[in-house]
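Trainee: I should be grateful for a close look at a single part of this chain. Please set that part within the whole before turning to its details.

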Amino acid sequence: MLVAGAGAGGTITGVARKLKERCPNIKIVAVDPKGSILAEPEELNKTDKTQYEVEGIGNDFIPTVLDRSVMDSWYKSDDEESFNMSRMLMREEGLLCGGSSGTAMAAAVHAAKELKEGQRCVVILPDSIRNYMSKFLSDKWMVQKGFLSEEDLMVKKPWWWNLKLKALNLSAPLTVLPTVNCQRTIKILKEKGFDQAPVVDEAGLILGMVTLGNMLACILAGKIKVSDPVSKVLYKQFKQIRLTDHLGKLSRILETDHFALVVHEQIQYLTDGSPCLKQMVFGVVTAVDLLNFVTGRERRERSMS
């Protein structure tokens, strides 16, 4: 048995053709990530996934160099098993391989179960770790993508890590309607000592964020006027967190973001009786909030001792 990933298709096609010349009974297992369309029959490609993180294999078209007629079977892989297998190969086998190598090995572990005693399985590991140092090699990246949980890492965490967000006792947020102009919003933010505020509609539903830095940059660049409503400078690339989430998750977010929007989900029933899930703003949390909570408790403990 030969197990290899299919991308452009040259490697697996060439190797499979030659091996079938020399060993007609060999079984060729092609590996294709979920979200790609290379596998046959077509039903194998049906999925709700629109993208995948593993690189070097898979495609959104059928390359002319890929000869699918020499493939005996296909294995559809997912990112989680691919990256965790790659990390295992590095940790336990000393093979500094990339994500598509993990994909091929995960498929081989599955496919080789049908082999009988004395039969062999060859796996092609086509990539190295060189290009992925900041991706799946990073515990943080794996956790952010949902491929690992904090518990899986088995690393000692600080005392506050598993406390819920509600322990911060956040104050009610300052929110702005989308019709408020930028000049007025800048004045409000400066008076209240905030750098950002959620923009909500009349019903309190989240539309986005407005930040002091983004507004000032757009005004200075001539993109907007001070009289324009804040709806013209809505900032939507922000992280959300819930009161039931751990402070550890918040800490991870604040390593790359200046703030996180605390949201609360509630079920709202419409006039026809159908339920609708709505997200309401509970607050905005920053690194200062987390730092004050941690240092405040540690100061109190020192003073008591």
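The answer below begins with the chain as a whole and then turns to one residue, T286.

Mentor: Please bear in mind that this is a predicted model. The chain is built from 9 helices and 9 strands. Its radius of gyration is 26 Å, whereas a compact globule of 305 residues would have a value near 19 Å. The C-alpha trace extends over about 80 × 55 × 50 Å along the principal axes. Buried residues make up 41% of the 305 in the chain. About 17800 Å² of surface is accessible, and carbon and sulfur atoms contribute 52% of that area. As for charge, there are 40 positive and 37 negative side chains, with the centres of the two sets 5 Å apart.

Let us now consider how parts of the sequence meet. Among contacts with a separation of 6 or more, 64% join residues 24 or more positions apart. With this in mind, we may turn to T286. This residue belongs to strand β9, which covers residues 275–286. Which residues is T286 in contact with, once its neighbours within four places in sequence are left aside? They are Q196, L254, H258 and F259, where contact means heavy atoms within 4.5 Å. A further distance concerns S251, which is 35 residues from T286 along the chain. The C-alpha atoms of S251 and T286 are separated by 9.6 Å. In the displayed structure, you may therefore begin at strand β9, find T286 there, and then locate its contacts, including Q196 and L254.

Methods
Residues are numbered from 1 along each chain as its sequence is written. This is a predicted model: local features need pLDDT of at least 70, side-chain atom pairs count only at pLDDT 80 or more; totals for chains, interfaces and linings use all residues. Side-chain values use heavy atoms; hydrogens and water are left out. Helices (H or I, at least four residues) and strands (E, at least two) are DSSP runs, numbered from the N terminus. The radius of gyration is taken over C-alpha atoms; the globule rule is 2.2 Å times the number of residues to the power 0.38. Buried means under 20% relative accessible area, exposed over 50%, partly exposed in between (1.4 Å probe, protein chains only). Accessible areas come from the Shrake-Rupley method with a 1.4 Å probe; for residues, only the protein chains shown count as cover. Lys and Arg count as positive and Asp and Glu as negative; His and the chain ends are not counted. The place of a charge is taken as NZ of Lys, CZ of Arg, CG of Asp or CD of Glu.
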